[in-house]
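Hi,

Here is the structure I promised to pass on. Have a look at it first, and my notes on what turned up are underneath.

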Amino acid sequence: MARTIYVTGEAKSPSNNPITSQYGLFFVGLVVDTETHAILRADCTAALALTVEFVRGLLEGRSLLEEDALVETIIDRYHGSSQRAMTAAVRSAAAKYRDLIDGSARTTA
């Protein structure tokens, strides 16, 4: 059975975005398989359910270690007003994840 962890990333969204007034920041939450580094589940702070569904389609099943490819996909396919915030939040989550798995490797070595 795979070991999973939950990691979040956050970024500032545009001031005129409903996300900012509702949540303050843009957040992405990811459940990641630590053996394959695959994103098993994804969620984000969005004003529309369709946005969350679309973001899930962009991220789920992809490796969190392939950060540049994830960001490229977001830039290519997501054209909402929080695009920059989403890419920054994914980069934030990827950095936290790398720190976590690097720390785990040091403690088990």
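Start with helix α2, residues 49–59, in this predicted model. Its buried residues are T51, V52, V55, L58 and L59. Those five sit on the same side of α2, because they cover an arc of only 120° around the axis. The other side of α2 holds A49, L50, E53 and G57, which are exposed. The general rule behind this sort of pattern is that an α-helix has 3.6 residues a turn, so residues three or four places apart point the same way. After α2 comes G61, with a positive phi near 90°.

What does the helix pack against? The sheet is an open one, made of three strands in the order β1-β2-β3, with antiparallel pairing. β1 and β3 are the edge strands, each pairing on one side only. From one strand to the next, the twist averages 15°. α2 packs on this sheet and touches β2 and β3, with its direction at about 150° to that of β3.

Now for the strands themselves. β1 (residues 4–11) and β2 (residues 26–33) run antiparallel and are joined by eight bridges. If you want to check the register, I5 stands opposite V32 in β2, and G9 has V28 as its bridge partner there. β1 also has two distinct faces: I5, V7, G9 and A11 make up the covered one, while T4, Y6, T8 and E10 are on the uncovered one. That fits the general picture, as side chains in a regular strand alternate between the two faces of the sheet.

One backbone oddity to look at is H37, in the loop between β2 and β3. H37 has a positive phi of about 70° although it is not a glycine. For context, most residues other than glycine have a negative phi.

Next, the core. The largest nonpolar core has 26 residues, and those touching the most other members are L30, V32, I39, L59, L64 and I74. Two or more residues come from each of β1, β2, β3 (39–44), α2, α3 (67–77) and α4 (83–108). Which element gives the most to this core? That is α4, with seven residues.

L59 is a good residue to click on here, as it is on the buried list for α2 and also among the core residues that touch the most other members. Leaving out residues up to four places away in sequence, L59 touches V28, L30, I39, A42, L70, I74 and V90.

Finally, some whole-chain numbers for your records:

- The protein chain has four helices and three strands, in the pattern β-α-β-β-α-α-α along the sequence.
- Of its 109 residues, 41% count as buried.
- Among contacts in the protein chain with a separation of 6 or more, 51% are between residues 24 or more positions apart.
- The protein chain exposes about 6300 Å², and carbon and sulfur atoms supply 53% of that.

Cheers

Notes: Residues are numbered from 1 along each chain as its sequence is written. This is a predicted model: local features need pLDDT of at least 70, side-chain atom pairs count only at pLDDT 80 or more; totals for chains, interfaces and linings use all residues. Side-chain values use heavy atoms; hydrogens and water are left out. Buried means under 20% relative accessible area, exposed over 50%, partly exposed in between (1.4 Å probe, protein chains only). Two strands pair if DSSP finds at least two bridges between them. The arc is that of the directions from the helix axis to the C-beta atoms. A nonpolar core is a set of buried Ala, Val, Leu, Ile, Met, Phe, Trp, Tyr and Cys residues joined through side-chain atoms within 4.5 Å. Contact means heavy atoms within 4.5 Å. Accessible areas come from the Shrake-Rupley method with a 1.4 Å probe; for residues, only the protein chains shown count as cover. Axes are lines fitted to C-alpha atoms, for helices over the stretch in contact, and angles run from 0 to 180 degrees between N-to-C directions.
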